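Me: I have a model open on my screen and would like a close look at a single part of it. Could you walk me through that part and then show me what lies around it?

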Amino acid sequence: MSTAPDHSPFSSPFTGSGPRTGVVVSHGFTGSPHGVRAWAESLAAAGYAVRMPLLPGHGTSWQELARTRWQDWHAGLDAAYLELAAECDHVVVAGLSMGGALALRLAATRPVAGAVLVNPGLVIDDPRAPLAGILRFVLKSTPAIANDILKAGVDEGAYPRTPVAAAHELNKMFKDTLRLLPRITAPVRVYRSTVDHVVSDTSLAALRRGLTNAPLEVIRLENSYHVATMDNDAPRIFSGTAEFIRSVVEGHTPGAAGASQKETADD
């Protein structure tokens, strides 16, 4: 049975041992912290300092989201990063879907230790996407893209409609993020669902092309759809994220130019 969505942000202090390490966690487009809350809580339980903000325009109404710009979403996550950077030795960024793109933006513009992405979006395949800037004046919203979850009875608590104006902003943010990818040098791990009805493999292909100076590891998820942080593979994502953080902090070295890319199955 699904529980009532909790859209509130989440914050936790560092309670572990060794280098003070923080993790910034970002939710996805039209979603809220509810979709990644268990992920953030698992990292807090592992001793890491965590910041999981509610991004502007989210967790309220789709009409409110329609009034925000992609720079507002980036600024919300960047502020969370700066909070952690002021109190931690290392900061890792993490995100689901659009949150993955925002995490990549931080990795390109801030000195992060690593990035963990779950089904990150970087390309909108919908042929209407290039027209969203015009369509937003005549079409206010489209049906929701929410709840692409294999596990029964789970509700991510996303908006029932997708504002076209915000989709236009998302498309602009994706394009701007793609040009920043070569700046990333920190290790990147991607958890990628084999079946994803929201983000296609076009985004992963774009990430592979763009990450010319950072090592990329892709772990395939065979038992989850798009919102994998609430799906059957969630425990593997949680434990794997903690393992990744330990590895990048213990051997904290930026990726070299032409870094290797590898793919493994999550079985």
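In which loop is Asn-119 found?

Reply: Happy to help! Asn-119 is found in the loop between β5 (114-118) and α5 (132-135). Helices here are DSSP runs of H or I with at least four residues, strands are runs of E with at least two, and both are numbered from the N terminus.

A word on the ground rules before we go on. This is a predicted model, in which local features need pLDDT of at least 70, side-chain atom pairs count only at pLDDT 80 or more, and totals for chains, interfaces and linings use all residues. Residues are numbered from 1 along each chain as its sequence is written, and side-chain values use heavy atoms, with hydrogens and water left out.

Back to your residue. Asn-119 is not a glycine, yet its phi is positive, at about 45 degrees. Asn-119 is also buried, because its relative accessibility is 0%; buried means under 20% relative accessible area, exposed means over 50%, and partly exposed is in between (1.4 Å probe, protein chains only).

Ser-97 is worth a look alongside it. This residue, also something other than glycine, has a positive phi near 60 degrees. Ser-97 lies in the loop between β4 (90-96) and α4 (98-109), and with a relative accessible area of 11% it is buried.

From Ser-97 we can follow the chain into α4. The axis of α4 comes within 10 Å of that of helix α3 (residues 70-85), and the two cross at roughly 60 degrees. Axes are lines fitted to C-alpha atoms, for helices over the stretch in contact, and angles run from 0 to 180 degrees between N-to-C directions. On the α3 side the residues making the contact include Trp-70, Trp-73 and Tyr-81, and on the α4 side Met-98, Leu-102 and Leu-106 are among them; contact means heavy atoms within 4.5 Å.

Trp-73 leads us on to Ala-166, which touches Trp-73 as well as Phe-29 and Leu-65, not counting residues up to four places away in sequence. Ala-166 lies in helix α6 (residues 164-180) and is buried, at 0% relative accessibility. Its C-alpha is 9.3 Å from that of Gly-57, although Ala-166 and Gly-57 are 109 residues apart in sequence.

Another buried residue to click on is Leu-207, in helix α7 (residues 201-210), with a relative accessible area of 0%. Leaving aside neighbours within four places in sequence, Leu-207 is in contact with several residues, including Leu-104, Leu-117 and Leu-122. Leu-181 is one of its contacts too, and the C-alpha atoms of Leu-207 and Leu-181 are separated by 7.5 Å, with their positions 26 residues apart along the chain.

Finally, turn to strand β3 (residues 49-52). Ala-49 and Arg-51 on one side and Val-50 and Met-52 on the other are all buried, so both faces are covered. Strand β1 (residues 10-12) runs antiparallel to β3 and is joined to it by three bridges, while strand β2 (residues 21-26) pairs with β3 in the parallel sense, also over three bridges. Two strands pair if DSSP finds at least two bridges between them. Arg-51 of β3 has Ser-11 standing opposite, and Val-24 stands opposite Arg-51 as well.
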